[in-house]
Amino acid sequence: MADDLTAEILRNALCVAAEEASIVVVRSAYSTFIVEGADAAAAVLDADGRLVAHSLSTAIVQCASLRSALPYVLRTFPPGSMAPGEVFMLNDVYQGGIHANDLLVFRPVFVDGTPAYFTGTLIHVADLSGISAGGMASDATDVFLEGVQLPPIRIATAEGLVDDMARLLAANSRTPERLLGDVRALIAGANVAAKRLEDIIGQYTAAGLAQGVKDYLAHTEARMRAELAVLPDGVYQGEFRLDDDRFGEHHIRVTVTLDQSLDPGGVTVDFEGTDPQVAWPINSGFSQTSGGVMYALRCYVDPSLPLNEGCFAAIDLRLPEGSLVNCTPPYPGGGRWATVAAAEEAIFAALTQVLPERGVAASGILQGFSISGVSRPWLHMAFDLGGMGASARRDGPDATGALFGGGRNIIPQVEPIEARLPVRVEEVSLIPDSGGIGTHRGGLGTRTVIRMLEDARVDTRGDRLTSPPPGASGGRPGRGGGYYRERVDGTREPLSSKGTRQPLAAGEALVLETSGGGGYGDPAERAPEAVRKDLADGRTSI
């Protein structure tokens with residue numbers, strides 16, 4: 001825009017609209033996991049499906065979800081058939097969704113009688129059928145065991161929720177009131193963002209907003225390309241291995257190509273060679289892998305870059321169909337997180353070859369679980385976070401969930417959990433010696449102990465537990481974590497790292513230990529003062 005100040009104000013107004021929508025969803029939601037953990041995302045998009053603005057206090061790794069799904073909504077409901085006040089929803093992993101319990105909602109914003117923009121919101125809702133309460137279907141062998149599959153549907157009109165769709169969703173939930181409350185929260189967030197967008201159009205005119213968006217995306221793309229152009233040309237390969245399971249080993253392989261003569265400021269990220277998809281919920285849908293790639297690449301560019309379509313435009317992403325990073329029907333995709341994190345680690349490994357001074361060891365990742373009632377319906381779903389890998393410059397932070405992509409703290413606080421649910425949280429602590437040693441030490445993992453006050457079941461979803469995060473450049477691996485059942489007498493026995501409906505009797509406890517991050521560099525070269533400080537702080541033992 002001719003007026004730089006006006007352009008900057010407009011850009012921030014768009015970002016605030018997306019941010020406010022995510023806050024409204026969290027404040028309006030019914031599920032404890034959303035209210036206390038704030039796991040939500042929101043975006044403003046245009047009618048071409050381009051990402052204009054995204055909430056940033058939520059997980060950055062979700063940045064590709066709404067932009068990936070909107071084109072499928074538009075195929076099912078052409079813009080000319082849409083009416084003001086309508087809201088559309090999907091969760092189909094093969095159409096840009098995430099998995100059954102993550103609902104994506106879109107509301108069109110009309111200009112001169114035609115949808116010109118869309119506001120979108122997404123959260124992990126309380127429960128939507130499947131073999132696991134809360135959607136933690138860690139032993140699902142096909143997508144149908146993960147929950148109700150929703151292609152693009154019309155969920156609301158100007159008069160409110162579409163009754164038959166609302167009844168259908170409620171009938172397929174163990175907690176129907178919370179589910180519908182979460183759906184209304186999603187719609188409320190999209191409505192608020194739509195109102196803000198209408199206000200922006202009223203102030204800057206439709207033509208002014210259209211020009212502002214065009215300039216904004218072009219400006220971001222130019223900055224993204226300038227940042228990537230600094231990286232030396234070359235072809236760099238990396239890979240990462242997931243934990244073994246009943247299907248054996250699984251490898252994510254990537255080739256990162258930088259060639260200024262062919263694509264100035266562009267990068268090709270090709271996952272050819274990645275292992276095929278399996279009948280086990282470790283596969284990832286294409287939107288989730290795309291978000292992980294964006295997160296990984298943003299670690300090498302100016303962090304102040306806006307998060308919009310301009311960033312994606314510089315990336316040629318190639319995801320082989322039918323592989324772990326781009327699953328196809330009917331393969332499950334709910335446990336995609338381990339694969340997405342492995343894709344990120346593979347990119348880090350590839351780029352460490354060109355930027356050794358920015359190298360990093362592997363990190364512990366988030367370990368999901370859900371606890372549900374046996375005699376009555378209640379649900380607690382949460383994550384605990386592993387230690388981050390050390391880098392060539394510094395120790396890894398403790399318990400950060402490094403690869404989740406930033407955003408709010410997604411771990412619910414103890415007091416609301418105990419107030420709402422029949423459990424007692426007895427311990428949340430760092431695990432000494434869990435970070436891999438090296439010139440720089442890996443971040444520590446955590447131990448959480450939750451005591452059952454009535455009979456319950458637990459579902460688990462973990463990785464990097466039997467194969468802990470490796471070190472780099474001579475650093476040692478972190479300590480592997482695990483899930484455990486602690487009996488009333490204090491004895492402890494392991495639970496499956498990917499299991500559902502595992503019993504916990506009243507008086508027993510779930511013990512979750514996350515993995516520490518890998519160390520970086522030769523441990524013999526660690527500064528003596530750093531060793532003394534670790535001992536004094538209790539991070540390491542004698």
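A pocket is an open set of grid points with protein on both sides within 12 Å along at least five of seven lines. With that in mind, welcome to these close-up views of a predicted model.

**View 1. The largest pocket holds about 490 Å³ of space.** Its lining is made up of 23 residues. Looking for its centre? Arg358, Val360, Met388, Ser391 and Arg394 are the lining residues that lie nearest to that point. Sorted by class, the lining of this pocket has 12 nonpolar, 5 polar and 6 charged residues.

**View 2. The largest cavity encloses about 350 Å³ of space.** Among its 29 lining residues, those closest to the centre are Arg336, Trp337, Leu366, Phe383 and Arg461. Three elements each give two or more residues to this lining: helix 9 (337–352), strand 12 (367–373) and strand 13 (379–384). By class, the lining of the largest cavity counts 12 nonpolar, 11 polar and 6 charged residues. A search of the whole structure turns up 2 cavities of 30 Å³ or more.

**View 3. Asp398 sits in the loop between strand 13 and helix 10 (414–420).** Is Asp398 buried or exposed? Asp398 counts as buried because its relative accessibility is 18%, and the limit for that word is under 20%. From this place in the loop, the side chain of Asp398 reaches the backbone nitrogen of Leu444 at 2.8 Å. Setting aside neighbours within four places in sequence, you can also find Asp398 in contact with Leu430, Arg441, Gly443 and Arg539, as well as with Leu444 itself.

**View 4. Cys63 is a cysteine that is in no disulfide.** The nearest cysteine sulfur to that of Cys63 belongs to Cys311, and it is 8.2 Å away. A disulfide would need the two sulfur atoms to be within 2.5 Å. Cys63 is also buried, with a relative accessible area of 0%. Across the structure as a whole, the number of disulfides is 0.

**View 5. Cys327 is buried, with a relative accessible area of 4%.** Why does the sulfur of Cys327 make no bond with the closest cysteine sulfur? The closest one, in Cys63, is 18 Å from the sulfur of Cys327, so it is too far for a bond.

How values were computed
Residues numbered from 1 in each chain as written. Predicted model: local features only at pLDDT ≥ 70, side-chain atom pairs only at ≥ 80, totals over all residues. Heavy atoms only, no water. 1 Å grid on protein atoms, 1.4 Å probe; cavity = no way out; pocket = protein on both sides within 12 Å on 5 of 7 lines; lining within 4 Å. Points joined across faces, edges and corners; volume = space filled by probe spheres on them. Helix = DSSP H or I, 4+ residues; strand = E, 2+ residues; numbered from the N terminus. Nonpolar A, V, L, I, M, F, W, Y, C, P; charged D, E, K, R; others polar. Buried < 20%, exposed > 50% of the residue type's maximum accessible area, 1.4 Å probe, protein only. Polar contact = N/O pair within 3.5 Å; in protein donor to acceptor, adjacent residues only side chain to side chain. Contact = heavy atoms within 4.5 Å.
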